[in-house]
Structures are given as C-alpha cells and as structure tokens.
Amino acid sequence: MQITDARVIVTCPGRNFVTLKILTEDGVYGLGDATLNGRELAVASYLNDHVIPLIIGRDARRIEDLWQYLYKGAYWRRGPVTMSAIAAVDTALWDIKGKVANLPVYQLLGGASREGVMVYGHANGTDVEDAVKSVAHYLDLGYKAIRVQSGVPGLSSTYGVGRGTMPYEPAEKGAAPENRWSTEAYLNFVPKLFARMRSEFGDEIHLLHDVHHRLTPIEAARAGRSLEPYHLFWLEDPTPGELQQGFRLIRQHTVTPLAVGEVFNTIFDCQQLIQEQLIDYIRTTVVHAGGISHLRKIAALAELHQVRTGSHGATDLSPVCMAAALHFDLSVHNFGVQEYMRHTDETDAVFPHEYGFQDGFMYPGDAPGLGVDIDEDLAAVYAYDPAFLPVNRTLDGTMHSW
Ligand code: KDG
Ligand code: MG
C-alpha cells in the first residue's frame with residue numbers, strides 16, 4: 001500500500017496549527033499533528049523539504065520501519081523539530097492503519113484499558129478569589145481534576161493566567177511579551193492559594209499546579225513540602241527537566257507527586273527520571289515526542305517503574321493530537337490523567353472530530369482510525385499568522401524560564 005502523496009497544511013483558526021496529510025494509492029488518507037508553538041514553519045519546512053520526498057512510494061503499513069528510517073536516517077538525533085515531524089508521519093500512518101482495518105486506533109493498540117479518559121481542566125484567576133470562581137466553574141462542568149494557576153501578588157503577569165473566556169496557551173503577535181518573576185513572591189504565595197482551594201472545595205477534587213520550570217531544585221523542594229497539606233495530584237515542571245539528577249534533591253525533601261516531560265522529545269530525555277523513580281507522571285505527548293509509536297515505548301518504560309502518563313494537551317496542540325492522545329490514553333495500562341483545554345469553535349470547525357467530553361472524562365469515539373478530519377477549504381481561509389511565546393525576566397531584568 002504505497003504512499004502516493006503527502007501535504008502540509010498550515011492554518012490559523014485563532015492560533016497556528018501544522019497538519020500532515022498522507023495519501024495512499026488506495027485512496028485512504030491519514031492525519032498527523034506537526035504543530036510546534038512559536039516555531040511552526042520550521043517543522044513545515046522539515047516535512048516539505050526533507051521528509052515528504054523520502055516517504056512517497058514507501059509502504060504506509062510499515063509504521064515502525066518508517067519511524068526508524070526517519071529517525072536513524074536523519075543521522076542528527078532528537079530535538080523538537082525532527083521529533084514533531086516524525087510524530088506527524090507516525091500519527092498519520094496509525095490513522096491510515098485504523099481506517100484500513102475499519103477499527104478505531106485504540107483497538108489496534110490493545111483495546112480499551114478503561115471506560116473513559118480522566119482529563120484535567122485549566123482554572124485560573126488574576127488573584128485567589130478569581131481562581132476560586134474559576135475552579136467552581138470547572139466543577140460545574142463535571143471535571144474531577146483541575147489545574148489551578150493564579151496571579152501572584154506583586155507580579156504584573158504570571159504564566160497560566162488566561163485571557164478572555166476561552167482557555168488559551170499564549171503565542172502573541174509581534175515581539176514576544178515579557179513577564180516578570182520573583183521566586184520569593186511565588187514561594188510565599190503558592191501554599192496560600194492551595195490552602196484556600198482546600199478550605200473552599202474540600203479534599204476530594206484532584207488539584208494540580210504547574211510551576212513552568214521556574215525554580216531551582218531546592219526551591220522546588222520547598223514548594224513541594226509547603227504544598228503537602230493540600231495533597232496535590234501533581235506539581236508540574238518544578239525545575240527545568242534538563243537536569244534530571246536535580247530531581248533527586250527534590251525527592252529527598254517532599255512527597256508531593258511530580259509531573260515532567262511536556263518539552264521532552266524522546267525516551268532518552270526522561271529515562272533517568274523514570275528509572276530512578278524521580279517523577280510520578282510523564283507528560284510527553286504524541287506530537288512532540290515521536291508519535292504514538294514512541295509514546296508507547298516511553299509508557300512501557302514508565303510502567304516498569306510505576307510512573308503513570310499525563311500527556312500534555314494545551315490548546316497549541318491540534319485536535320489531531322488530542323484525538324491521538326485519547327486513543328493512547330484509553331489503551332495504555334499506566335495512564336494517569338490527560339490535560340484538556342477546549343479549542344475554540346473556529347478550530348473545532350477546521351478539525352471535525354469524534355472525540356467528546358462528558359462528566360470529567362473524554363472518549364475518542366469508535367470511528368475507524370483517529371476519528372478526526374481536516375476541512376481543507378476552511379483551513380485555507382485562515383492564513384498563517386506568526387506569533388511568539390512570552391519570555392520571562394526576574395525583577396532585576398535577568399532572563400529566566402517562562
Ligand atoms: O506552547 C507552550 C504550552 O504548550 C505550555 O506552556 C503549556 O505548560 C503548559 C501546560 O502545562 O499545558
Ligand atoms: Mg506545563
């Protein structure tokens with residue numbers, strides 16, 4: 001079953017998405033998400049210039065072989081651009097395999113390990129009371145797990161505090177917006193935020209929080225310890241993940257569960273964290289970590305070490321990625337939770353899909369393949385619009401992790 005054509009579709013229905021569509025001689029096609037927020041065209045070029053010419057004429061059924069061909073064949077290993085491009089091919093081939101077999105992809109991955117996929121929503125507020133209202137809203141919608149972010153007193157802007165009424169992970173036109181950061185202000189504030197949440201909402205709801213890579217290991221240890229009375233489901237990216245051994249220090253001081261991995265691209269980026277049980281949840285996702293095939297290998301390694309999955313699912317990952325993530329989540333044994341930020345109606349119209357949310361859980365649906373499509377005419381209406389992620393500086397102007 002030869003690949004006869006492939007094209008990259010770049011569209012901006014409110015934000016930029018890159019999608020790979022692979023077509024076969026049988027007329028069956030598959031989709032893969034290739035979106036890398038803020039660096040979208042690098043992946044589009046990698047696919048157009050360096051991948052599509054190599055895959056035309058190859059057998060669409062040989063998913064693992066084609067993965068290895070693109071990974072080993074590039075000679076240059078890993079990295080978000082390469083791995084997003086490989087992920088897009090891999091995801092599209094799983095979609096094709098499902099359509100040919102007339103089965104939803106989760107059935108090809110071993111079938112459902114659970115009835116539904118628990119997801120967490122994004123509550124946030126400019127201050128604590130605003131965040132309380134937002135959590136109440138997510139509870140009304142049926143969520144069982146809620147991430148809570150709030151503005152920090154004394155800081156003009158902070159990661160995770162949204163704009164408008166829809167969830168939105170930033171990427172802004174023109175120059176990258178600059179946030180300001182004070183570790184002291186944050187560390188003093190964050191236990192108060194969660195003390196208020198528990199006093200308002202009780203012990204049962206799962207609460208999560210994202211530090212977004214901003215602390216050193218010992219500062220992260222303090223944050224984790226100070227949050228123990230509020231028993232978070234997880235504390236995410238407490239310190240930048242490149243320093244994998246840094247998590248040993250955090251682990252010596254706190255039992256707050258840790259989640260890491262949304263910026264990782266391969267199993268090699270997280271093997272120490274997993275093998276030494278330095279984290280509890282691995283957040284690699286289909287689009288940025290080599291597709292469904294590679295994510296399954298990461299999950300298998302994690303299963304050995306009692307680490308569960310918690311894939312990244314922000315709005316900068318397209319509905320194609322969301323669909324693929326849900327098939328993976330439903331099937332993999334050591335699933336933990338899936339991040340879910342609703343896309344806008346414009347985005348949903350460009351990417352019609354079978355998956356849906358009900359009472360805190362999501363379901364990929366039973367359509368053959370991934371159960372997601374792209375309306376190419378509508379996609380063409382929304383031209384690419386360059387945008388940049390924010391950057392972050394400490395109060396004295398030093399560059400810091402955003
Ligand atoms: O593009 C960057 C976002 O995907 C990232 O900031 C989202 O940290 C994130 C999260 O946990 O969703
Ligand atoms: Mg995060």
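This briefing covers the metal site, the pocket and cavities, two strand hairpins and two unusual backbone angles. The structure is a predicted model. A magnesium ion (ligand 2) has three named protein donors: D210, E236 and E262. The largest pocket holds about 890 Å³ of space, and E262 is among the residues closest to its centre. The largest cavity holds about 80 Å³, and D210 is one of the residues closest to its centre.

**Magnesium site**

- The magnesium ion (ligand 2) takes protein donors from D210 (OD), E236 (OE) and E262 (OE).
- These donors lie 1.9 to 2.3 Å from the ion.
- Along the chain, the donor residues follow the spacing D-x25-E-x25-E.
- D210 belongs to strand 7 (residues 206-210), and E236 belongs to strand 8 (residues 234-236).
- The two residues are 26 apart in sequence, and the pair links distant parts of the chain.
- Both D210 and E236 are buried.

**Largest pocket**

- The space in the largest pocket comes to about 890 Å³.
- Its lining counts 35 residues, with N37, H213, E262, V263 and L389 closest to the centre.
- Strand 15 and strand 16 are the elements that give two or more residues to this lining.
- By class, the pocket lining has 13 nonpolar, 11 polar and 11 charged residues.
- Domain 1 (3-104) and domain 2 (108-367) both contribute lining residues, so the pocket lies between them.

**Cavities**

- The model has 3 cavities of 30 Å³ or more.
- The largest cavity has about 80 Å³ of space.
- It is lined by 15 residues, and Q149, T158, Y186, H209 and D210 are the closest to its centre.
- Strand 5 (145-150), helix 6 (183-201) and strand 7 each give two or more residues to the lining of this cavity.
- Helix 6 gives the most, with 4 residues.
- The lining of the largest cavity splits into 8 nonpolar, 5 polar and 2 charged residues.
- D210 thus appears twice: as a magnesium donor and beside the centre of the largest cavity, among the closest residues.

**The sheet with strands 6, 15 and 16**

- Three strands form an open sheet in the order 6-15-16, with mixed pairing.
- Strand 6 (178-181) and strand 16 (399-400) are the edges, each pairing on one side only.
- Strand 6 runs parallel to strand 15 (residues 391-394), with 4 bridges between them.
- N179 has N392 in strand 15 as its bridge partner.
- Strand 15 and strand 16 pair in the antiparallel sense over 2 bridges.
- N392 stands opposite H400 in strand 16.
- Strands of a sheet pair through backbone hydrogen bonds, in either a parallel or an antiparallel sense.
- The hairpin of strand 15 and strand 16 has 4 residues between the strands, and G397 there takes a positive phi near 95°.
- Strand 15 shows two faces: N392 and T394 are on the covered one, V391 and R393 on the uncovered one.
- In a regular strand, side chains alternate between the two faces of the sheet.

**The hairpin of strands 2 and 3**

- Strand 2 (residues 17-24) and strand 3 pair in the antiparallel sense over 5 bridges.
- T19 has D33 in strand 3 as its bridge partner.
- The two strands form a hairpin with 4 residues between them.
- G27 sits in the turn with a positive phi of about 85°.
- Strand 3 (residues 29-33) is mostly covered, with 4 of its 5 residues buried.

**Positive phi outside glycine**

- Y75 is not a glycine, yet its phi is positive, at about 70°.
- Y75 is in the loop between helix 2 (63-73) and helix 3 (80-101).
- Y75 is exposed, with a relative accessible area of 59%.
- Q306 is also not a glycine, and has a positive phi of about 55°.
- Q306 falls in the loop between helix 10 (291-304) and strand 11 (308-309).
- Q306 is exposed, with a relative accessible area of 69%.

How values were computed:
Residues numbered from 1 in each chain as written. Chains lettered and ligands numbered in written order. Heavy atoms only, no water. Donors = N, O, S within 2.8 Å, 3.2 Å for Na, K, Ca; no water. Buried < 20%, exposed > 50% of the residue type's maximum accessible area, 1.4 Å probe, protein only. Pairing = 2+ DSSP bridges. 1 Å grid on protein atoms, 1.4 Å probe; cavity = no way out; pocket = protein on both sides within 12 Å on 5 of 7 lines; lining within 4 Å. Points joined across faces, edges and corners; volume = space filled by probe spheres on them. Nonpolar A, V, L, I, M, F, W, Y, C, P; charged D, E, K, R; others polar. Domains from an automatic or database assignment.
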